[in-house]
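Colleague: Could you walk me through this structure, please? I am new to it and would love to start with the basics.

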Amino acid sequence: MAAVDENSEALGVPRKQLMESSGNAVARAVRDLADPGASVVIVAGRGNNGGDAFVAARFLDEYDVSVRLLGRPGSISTDIARENWDALQSAEYDAEAVTDSKDLSLGDPDVVVDAMLGTGVTGALREPEATAAEAMNDLDATVVAVDVPSGVNADTGEAEGVAVDADRVVTFHDDKPGLPDLDCEVTVADIGIPPAAEAFVGPGDLRSVREGVRGGDSRVFVIGGGPYTGAPALSGQSSLRAGADLTFVAAPSKVSGQIQGYAEDLIVQDYEGDHLTPDQVDGLVETAHDYDDVVVLGPGLGNDDETLEAAKEFLEQFEGKAVVDADALAVVSEVDTDATLVCTPNRKELATMGGPDVDGPLRDAREEIESFAADLGHVVVAKAAEDVVSDGERTRLVRAGTPAMTVGGTGDILAGIVAGLLGTQDPFDAACAGPFVNGRAAELLDDERAGGLLASDLLQTIPRAIRGEEE
Ligand SMILES: NC(=O)C1=CN([C@@H]2O[C@H](COP(=O)(O)OP(=O)(O)OC[C@H]3O[C@@H](n4cnc5c(N)ncnc54)[C@H](O)[C@@H]3O)[C@@H](O)[C@H]2O)[C@H](O)CC1
Ligand SMILES: [K+]
């Protein structure tokens, strides 16, 4: 929910506007339950759940409404809730703060609105909320809970201690898993969150990435290089920018020195020869398993028959997490693997892998891409101006980026970003966040580069993109 809220805000529908709709929906529920003139007591907490109810008070002019804030107004925890509290004060509503639960007298109202705690609750109700919940349960009034009955965990429907016994719950945007278990009527109110806030990956989807960056000892192992040398260096470096602590590149001895020469931050390990062959596979699998590495398989490997055979054998033996890109993609649908893969094909590679051959916008083929990912059993990031990311059940679109990203190497950067994120994120989340970060990194450079972007330029702005900076 927090991610969707943040995406909504980025699309021009800020949280305060959502709060206005939430409050309005609560007032509608009260009007459904009681006739004008009825007495309504609102018991509000200090978070946004309380904020919703401050709004509701303004939509109930034909009722006898009083608002009781549990705690000092100075302790209201968000700006938007405080602004709505202040509005009640300046417009002379009956709204008072109660700092000691002994002073909370609710009278004998027709309706009581429980706006103490919503999705922000952790653990059993503390004071003064616990005493207030008991006082509300003792009333004869109809109890309307805002979002969740206070004290109930919305995910499980369980309460660790006392909880409000609601007759009606007005929850927002989407059902909460724990609510159907409760003995009360639940309505889901549309609060105007644009569908695009969920369909498109947005800054909200970086919340857990921001918390997880440099999560300990995450290691990336790039298996690439041979006919090409730039690609593995780009993937390796971008994985470091996206949170990997150490990145190793396994490359043929003929080109390993060159790859090292591009980037002192990479640890290059060479194997005999000028391209990847099946002889190397056992050693590479062993290394990746020993160090619990996230593998990037593909950048610059080329498509020699021996190399493709080696890629296939690698995937058959490997059991960890890997990003598969470039020529290695061609073997994915032929292998039976226990590995967890994120595949990053462009249109052409998508078709070569056995996926849909799409001419127009990828979003028009989102269902085909979703069923392809389901058949494959892996996450697919189909890359174009607008990317489609699917794990076979969930599908999201990514529209970050600039036209200058058609330059060579941006896909290698993406593969490395996803690998860096895989150290701390689950595969679908990393696959969604990766192209968004890659695109934002380009947007951050657009003015400076004026269309003359190089893939290597993106390395500089990946950290700022992860932090959520915009142009
Ligand atoms: N998109 C939406 O669905 C919207 C939902 N809105 C409403 O916002 C709340 C969630 O608000 P938040 O501020 O995150 O949390 P709460 O109001 O639930 O509570 C935070 C507050 O409570 C304290 N606290 C936590 N646990 C306890 C406890 N066990 N005992 C006592 N106090 C506790 C904590 O310290 C905080 O100060 C959501 O439910 C909706 O009602 C918005 O309107 C926007 C749109
Ligand atoms: K509540």
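Modeller: Happily! Two strands pair if DSSP finds at least two bridges between them. Helices (H or I, at least four residues) and strands (E, at least two) are DSSP runs, numbered from the N terminus. This is a predicted model, in which local features need pLDDT of at least 70, side-chain atom pairs count only at pLDDT 80 or more, and totals for chains, interfaces and linings use all residues. Residues are numbered from 1 along each chain as its sequence is written, while chains are lettered from A and ligands numbered from 1 in the order in which they are written.

Colleague: Which residue is the bridge partner of Ala-44 in β4?

Modeller: Strand β1 covers residues 39-44, and β4 covers residues 111-115. These two strands run parallel and are joined by five bridges. In β4, Ala-44 is partnered by Ala-115.

Colleague: And which residue in β2 stands opposite Ala-44?

Modeller: β2 spans residues 64-70 and is parallel to β1, with six bridges between them. Helix α3 (residues 48-58) joins in with β1 and β2 to make a right-handed β-α-β unit; right-handed means that, with the strands pointing away from the viewer, the path from the first strand over the helix to the second runs clockwise. Opposite Ala-44 in β2 is Leu-69.

Colleague: How many residues of β1 are buried?

Modeller: A residue is buried if 20 or more other C-beta atoms lie within 10 Å of its own, exposed if 12 or fewer, and partly exposed in between, with C-beta atoms placed from the backbone. β1 has six residues and is mostly covered. The buried ones number five.

Colleague: Which helix gives the most to the shell around ligand 1?

Modeller: The shell has 31 residues (each with its C-beta atom, placed from the backbone, within 6 Å of the ligand), and Gly-47 and Asn-48 are among the closest. α2 (15-33) and α3 each supply at least two residues. The top contribution, five residues, comes from α3.

Colleague: Why does Arg-399 count as partly exposed?

Modeller: Arg-399 sits in the loop between β16 (395-398) and α14 (410-422). Leaving out residues up to four places away in sequence, Arg-399 touches Phe-200 and Glu-386 (contact means C-beta atoms, placed from the backbone, within 7 Å). Arg-399 is partly exposed because its number of C-beta neighbours inside 10 Å is 16.

Definitions and conventions:
Contact = placed C-beta atoms within 7 Å.
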